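Colleague: I am new to this structure and would like the labels explained. Please show it first.

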Amino acid sequence: MKTILLIEDNDILRENTAEILELAGYAVLTAENGKVGVEKALATRPDLVVCDIMMPVLDGYGVLHIFNQNPHLAGVPFIFLTAKTERADLRRGMELGADDYLTKPFEETELLSAISSRLSRFGKLQADYDLRASEGLGRFLDDASAVGNLHSLTLDRRPHALRKKQVLYAEDEEASRLYFVESGRVKTVRRTAGGKELITGVYGPGEFFGYLPLLQHRPHSDSAVVLDDAQVLYIPQKDFELLLHSHPDVGRQFIRLLAGQVEEREQQLLGMAYDSLRRRVARTLLRMQEQAGDGTAAIRFSRDDLAAVVGTTPESLIRTLSEFKQDGLIELTPKSIHVLQPEKLHSPNW
């Protein structure tokens, strides 16, 4: 049973509204002012708050501010009740993170519909999102926008068409957005003092990149270059930061999505440091095939790029690929690689 905290200084309205909510199957906590409401919320964290704005002791804005600042209460859906309809008041509440408004007097169905909608949208964020499916990102952004009241997050969902070899950003350039690959591939690259190229990441459909400098508030430490013709979605830095900082439930979901990518990059770096060349090449081929999304798909990568991912010279890579071909593990063409025996490439004996 979901718990609703109702904060309202009008005794009659508070009692009548509480009765409606209880009849609808909710557990209800009531408070006659903001201070009492916060105390009850700290004792029992509610699933949603319905709160009047103009109250003695502590008004609705003050209650919402405390909720946003308290780790135990941050992220609780918040609906304001108000008799004030001036745009400035609505704007102030939305800027503080209110999820919805109901203007007094309101119908019972309006109240119940608003509560049901907010609880449902927050519940969606507990689900997993398959970002490799075309609808996965859209569903996540829709839910995040609704929950976080981030209207601009979904205003421009049109992906940007990028051509092969196009540069998205360069090293030392100021970071201003998060990137999501809808189709195609993008590589991130660093160059050594001697001019050698090291590919730090290859991102395919369903993957985010460019988020670390946003989190660290620093310029990009690498460059991003399109490997194949790609469709890339841009998410503005402001929306990304609001997701992470203003709405913890949304932020935790986003962080969970990104954490898997960070872990994968760490494993790649460990492999480059400690694995044999044959194992590094084998793991890279398996990762590229998985990224293609089909166990029979060809890996289309230039030998120079593949060597930069593995962290070796093109000559050493070509020699290792030739050995794999002789062993019947892969099939080579001038522009592609087919993995024939992935189970043997997984072998721990490389």
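Colleague: Are Tyr 61 and Phe 80 buried or exposed?

Modeller: Tyr 61 is buried, and Phe 80 is buried as well. This is a predicted model, and the label buried is given to residues under 20% relative accessible area.

Colleague: What makes Tyr 61 and Phe 80 an aromatic pair?

Modeller: Their ring centres lie 5.7 Å apart, and the cut-off is within 6.5 Å, so they count as a pair. The angle between the planes is 80°; over 60 degrees is called edge-to-face, so that is the name for this pair. The pair links distant parts of the chain, with Tyr 61 in helix α3 (residues 60-69) and Phe 80 in strand β4 (residues 78-82), 19 residues apart.

Colleague: Why is the pair of Phe 80 and Tyr 101 called tilted?

Modeller: Its planes are 45° apart. Stacked needs under 30 degrees and edge-to-face over 60, so the rest are tilted. The centres are 5.5 Å apart. This pair also joins distant parts of the chain: Phe 80 in strand β4 and Tyr 101 in strand β5 (residues 100-103), 21 residues apart. Both residues are buried.

Colleague: Which residues form one aromatic cluster with Phe 80?

Modeller: Tyr 61, Phe 67, Phe 78 and Tyr 101 join Phe 80 in one cluster. A search of the whole structure finds 10 aromatic pairs.

Colleague: How do you know that Asp 59 caps α3?

Modeller: A side-chain oxygen of Asp 59 lies 3.3 Å from the backbone nitrogen of Tyr 61, at the N-terminal end of α3. A polar contact needs N or O atoms within 3.5 Å, so this distance falls within the cut-off. Buried residues in α3 include Gly 60, Tyr 61 and Phe 67.

Terms used:
Residues are numbered from 1 along each chain as its sequence is written. This is a predicted model: local features need pLDDT of at least 70, side-chain atom pairs count only at pLDDT 80 or more; totals for chains, interfaces and linings use all residues. Side-chain values use heavy atoms; hydrogens and water are left out. Rings of Phe, Tyr and Trp (its six-membered ring) pair if their centres lie within 6.5 Å; planes under 30 degrees apart count as stacked, over 60 as edge-to-face and the rest as tilted. Helices (H or I, at least four residues) and strands (E, at least two) are DSSP runs, numbered from the N terminus. Buried means under 20% relative accessible area, exposed over 50%, partly exposed in between (1.4 Å probe, protein chains only). A polar contact is a pair of N or O atoms within 3.5 Å; within protein, one must be able to donate a hydrogen and the other to accept it, and residues adjacent in sequence count only if both atoms are side-chain atoms.
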